[in-house]
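Colleague: Could you walk me through this model, one strand at a time? I have both views open and plenty of questions.

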Amino acid sequence: MRRLLSSRTAGFTLVELLVVLALILLFTAMGFPALSRIIDQRRLTGYVQEASVALARGRAEAIQRGVPVVAEPDFDLRELRVWADVDGNLVFEPDPAATARTVDYLITRVPLPTDSDVHFWGPGNKSPYGNKAIRDLTKITGAPNSYVFEPNGSIRDTGGLRIGDDRGNYFELRAEPRSTGRVQVLKYHPAPAWQGGTAAFYPPGNHATTGEPLWVWF
């Protein structure tokens, strides 16, 4: 009799199992959107950081080699391409048969994440790419405006490339001032509580007066 009672009390009824399963499915459904946002945020910030490192590498190459270095977005290939402009004509003309580094050569390329919602674009776009993806920079014939780092470490024309996702999160890799070519990562806020709600790209950190975070995710 004791064994029979023990076996009955140690198990679960079908109703109990169904209730537990329903709770598991409910909690999973509630947590999935948040998990999805976290994954998307990390994918976007990871690419922005990688692109920032590539720009820093290009500037260092310009100083070390004594030649201009161009960092240009390729909208068709969905990548940021950084190359040494040895002849100074702002046209990428590599020659595999030439002696290494005597002609234009590729320094690095940073492709956008595949199968993701990360694009070259900025606020105000109806679709990725186009004029909102780039702010100023140097005009390149047959290519989007690009970063051009000079041998002294300066930037030929200030500006930045914008990268964002479908949720409305936009970053700008802004190079300024011209004298240093410093690249800073900024994030867009459409209606901040500070600055009278002025939409703009802001640096990381907190507002000096209100203490609110300058970067907000959507």
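Modeller: Happy to! Keep in mind that this is a predicted model. A good place to begin is glutamate 172, which stands opposite leucine 186 in E10.

Colleague: How many bridges join E9 to strand E10, and how do the two run?

Modeller: Strand E10 covers residues 183–189. Its pairing with E9 rests on five bridges, and the two strands run antiparallel.

Colleague: And on the E8 side, which residue stands opposite arginine 174?

Modeller: Strand E8 (residues 159–164) is joined to E9 by six bridges, again in an antiparallel arrangement. E8 and E9 form a hairpin with five residues between them, and glycine 168 in the turn has a positive phi of about 95°. The residue opposite arginine 174 is glycine 160.

Colleague: Are the residues of E9 buried or exposed?

Modeller: Tyr170, Glu172 and Arg174 point one way from the strand, while Phe171, Leu173 and Ala175 point the other way. Strand E9 is mostly covered, and six of its six residues are buried.

Colleague: Over which rings does lysine 187 lie?

Modeller: The charged end of lysine 187 sits 5.8 Å from the ring centre of phenylalanine 171. Lysine 187 also lies over a second face, at 4.8 Å from the ring centre. The rings are those of phenylalanine 171 and tryptophan 217.

Colleague: Why is the pair of tyrosine 188 and phenylalanine 201 called stacked, edge-to-face or tilted?

Modeller: The model has eleven aromatic pairs. In this one the ring centres are 5.2 Å apart and the planes meet at 55°, so the pair is tilted.

Terms used:
Residues are numbered from 1 along each chain as its sequence is written. This is a predicted model: local features need pLDDT of at least 70, side-chain atom pairs count only at pLDDT 80 or more; totals for chains, interfaces and linings use all residues. Side-chain values use heavy atoms; hydrogens and water are left out. Buried means under 20% relative accessible area, exposed over 50%, partly exposed in between (1.4 Å probe, protein chains only). Helices (H or I, at least four residues) and strands (E, at least two) are DSSP runs, numbered from the N terminus. Two strands pair if DSSP finds at least two bridges between them. Rings of Phe, Tyr and Trp (its six-membered ring) pair if their centres lie within 6.5 Å; planes under 30 degrees apart count as stacked, over 60 as edge-to-face and the rest as tilted. A charge sits over a ring if NZ of Lys or CZ of Arg is within 6 Å of the ring centre and within 35 degrees of the ring normal.
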